[in-house]
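Reader: I would like a close look at one loop residue and its surroundings, followed by an account of how the rest of the chain is arranged around sheets and cores. Please keep to what can be read from the coordinates.

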Amino acid sequence: MRKTTFLAGTLFALACAVPALAATLRVGPAEEIRTLSEAAMRAQDGDTVEVVAGEYRGDVAVWKQKRITIRGVGGRPRLLAMGFAAENKAIFVVRGEQAHIENIEFVGTRVPDRNGAGIRLEAGALVVVDCRFIDNENGILTANDERISLTVRGSEFGHNGAGDGQSHNLYAGAIGLLEVRGSYFHHARVGHLLKSRAKESRIYYNRLTDETGGQASYELEFPSGGRAIVVGNLIQQAGSSENSTIVSIGAEGPRWPVNRLFLAHNTLVNDRPQGVRTLDLRKGVSGVLINNLLLGPGMTLDSVEAIRRGNASGTSADLAASRGDELYHLREGSPLRGAAAPAGRIDEVELTPDAEYVHPLQTRTIAPDVWSPGAYQTTPGARTR
């Protein structure tokens with residue numbers, strides 16, 4: 001009897017130690033699971049939720065699983081808030097350990113405190129790939145927790161903001177890491193195109209452009225300082241912008257052990273005729289400014305105390321096109337071609353880009369023989385990889 005009991009107990013312990021096999025749950029009007037809210041209740045750790053393309057109205061969910069993947073299939077599903085929000089916060093509230101969300105559109109979140117989000121990240125590590133955030137009070141909003149990390153790749157943020165200047169296309173709180181690559185930010189409603197209080201922010205190869213009729217405030221703001229690495233981006237301020245500053249760091253006082261801005265190989269454009277401040281670098285924050293291309297009236301980095309080299313001002317005569325997606329590429333005969341300084345590494349941060357943004361929502365690998373200031377090294381018509 002003792003031997004049987006011991007064996008049964010051992011087998012039970014072994015069974016508990018082996019994780020259950022991950023399952024794939026399919027959501028759609030013709031599937032067994034018809035709503036995301038039901039899928040969120042049924043999904044277990046490690047599962048994948050496939051969402052069939054279509055419109056999901058007022059279908060909001062809280063995801064608590066330790067590991068979860070949620071992806072659109074057969075096209076891009078559109079999640080329309082329609083006055084609903086999980087926990088009065090967002091279309092998706094995420095608070096597990098690891099989550100991956102891919103190929104989904106989040107539209108129209110509004111809540112009483114005017115902080116409604118497409119996604120509200122409250123815990124863990126979230127990766128967002130190939131998603132759209134349109135007409136929410138915040139596209140993505142995070143909690144303030146250094147253990148949180150947010151990675152965004154190939155995604156679009158447009159027309160988000162409550163119009164109060166306190167809500168933004170993307171708003172990362174005091175988290176450990178924000179990384180954004182190959183994404184498109186435009187037309188924030190009075191708030192910023194991208195705002196981050198993260199300990200470290202890595203902003204690579206994106207298009208942050210307020211464009212015609214834009215009313216965004218800053219294009220990039222890091223109010224709490226931190227280590228902000230901004231490499232290879234097109235950053236443009238609209239003529240109708242509400243604020244004269246394009247990039248700001250440390251405006252509310254630096255709070256992290258390291259507070260430094262690395263601004264390298266970006267193309268910064270001002271279309272605002274009333275005046276501009278290219279960079280607001282506050283006390284307590286150091287700067288590294290290398291090989292940035294400045295276009296438009298009033299653009300300068302000369303007044304900023306920082307390590308500076310290779311930054312250049314250009315005019316329309318230096319550009320390869322007068323309009324279109326390749327507007328800000330340098331033409332072959334421009335004297336700025338090949339005029340970049342060696343970028344190299346500073347504080348273990350590599351400042352030489354290995355890619356450039358291609359509109360819409362793509363990047364191409366680059367390895368030019370000679371380097372030019374700005375985000376674009378290729379000539380128009382180069383192939384995307």
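Author: Beyond its neighbours within four places in sequence, Asp 145 is in contact with Ala 174, Ile 175 and Gly 176. The residue sits in the loop that links β13 (138–142) to β14 (149–153). Within that loop, the side chain of Asp 145 makes a polar contact of 2.9 Å with the side chain of Arg 147. Gly 124 is 21 residues away along the chain, and its C-alpha atom is separated from that of Asp 145 by 9.3 Å. All of this is read from a predicted model.

On confidence, the mean pLDDT of the protein chain is 94, and 94% of its residues reach 70 or more. Residues 1–8 have a pLDDT below 50, and this stretch has zero contacts in the model beyond near neighbours in sequence. Where pLDDT is low, the predicted coordinates should not be read in detail.

The two strands that flank the loop of Asp 145 belong to two sheets. β14 is part of an open sheet of twelve strands, paired in parallel in the order β1-β2-β5-β8-β11-β14-β17-β20-β23-β26-β29-β31. Its edge strands are β1 (24–27) and β31 (307–309), each of which pairs on one side only. From one strand to the next, the twist averages 10°. One pairing in this sheet can be followed residue by residue: β23 (residues 227–231) and β26 (residues 260–264) run parallel and are joined by five bridges. Ala 228 has Leu 261 in β26 as its bridge partner.

β13 is part of an open sheet of nine strands, also with parallel pairing, in the order β4-β7-β10-β13-β16-β19-β22-β25-β28. β4 (61–63) and β28 (277–281) each have a single partner strand, so one side of each is left without a neighbour in the sheet. Neighbouring strands here are turned by 10° against each other on average, direction ignored. Here the example is β22 (residues 220–222) and β25 (residues 245–249), which pair in the parallel sense over three bridges. Phe 222 is placed opposite Ile 249 of β25.

Next, the nonpolar interior. The largest nonpolar core has 74 residues, and those with the most contacts inside it are Val 49, Trp 63, Phe 92, Ile 101, Phe 106, Ile 119 and Leu 178. Strand β7 (residues 90–94) supplies the largest share of this core, five residues. Phe 106 shows what one of these positions touches: leaving aside neighbours within four places in sequence, its contacts include Leu 79, Ile 91, Phe 92, Ile 101, Ile 119 and Phe 133, along with Arg 132 and Asn 136. Apart from this core lies another, of 14 residues, among them Leu 293, Leu 319, Tyr 357 and Tyr 376.

Gln 377 is in the segment after β36 (362–365). With a relative accessible area of 7%, Gln 377 falls under the 20% cut-off and is therefore buried. Its side chain reaches the backbone nitrogen of Ser 372 at 2.8 Å. Leaving aside neighbours within four places in sequence, Gln 377 is in contact with His 265, Arg 337, Glu 356, Ile 366, Pro 368, Val 370, Trp 371 and Ser 372.

Some backbone geometry remains. Most residues other than glycine have a negative phi, and most peptide bonds are trans. The bond between His 359 and Pro 360 is cis, with omega about 0°. Pro 360 is in the loop between β35 (355–358) and β36.

Two residues other than glycine have positive phi values to note. Asn 103, in the loop between β8 (98–102) and β9 (105–107), has a phi near 60°. Its relative accessible area is 13%, which means that Asn 103 counts as buried. Tyr 205, in the loop between β20 (200–204) and β21 (207–209), has a positive phi of about 60°. Tyr 205 has a relative accessible area of 5% and is therefore buried by the 20% cut-off.

Note on methods: Residues are numbered from 1 along each chain as its sequence is written. This is a predicted model: local features need pLDDT of at least 70, side-chain atom pairs count only at pLDDT 80 or more; totals for chains, interfaces and linings use all residues. Side-chain values use heavy atoms; hydrogens and water are left out. Helices (H or I, at least four residues) and strands (E, at least two) are DSSP runs, numbered from the N terminus. Contact means heavy atoms within 4.5 Å. A polar contact is a pair of N or O atoms within 3.5 Å; within protein, one must be able to donate a hydrogen and the other to accept it, and residues adjacent in sequence count only if both atoms are side-chain atoms. Two strands pair if DSSP finds at least two bridges between them. Axes are lines fitted to C-alpha atoms, for helices over the stretch in contact, and angles run from 0 to 180 degrees between N-to-C directions. A nonpolar core is a set of buried Ala, Val, Leu, Ile, Met, Phe, Trp, Tyr and Cys residues joined through side-chain atoms within 4.5 Å. Buried means under 20% relative accessible area, exposed over 50%, partly exposed in between (1.4 Å probe, protein chains only). pLDDT is the predictor's confidence in each residue, from 0 to 100.
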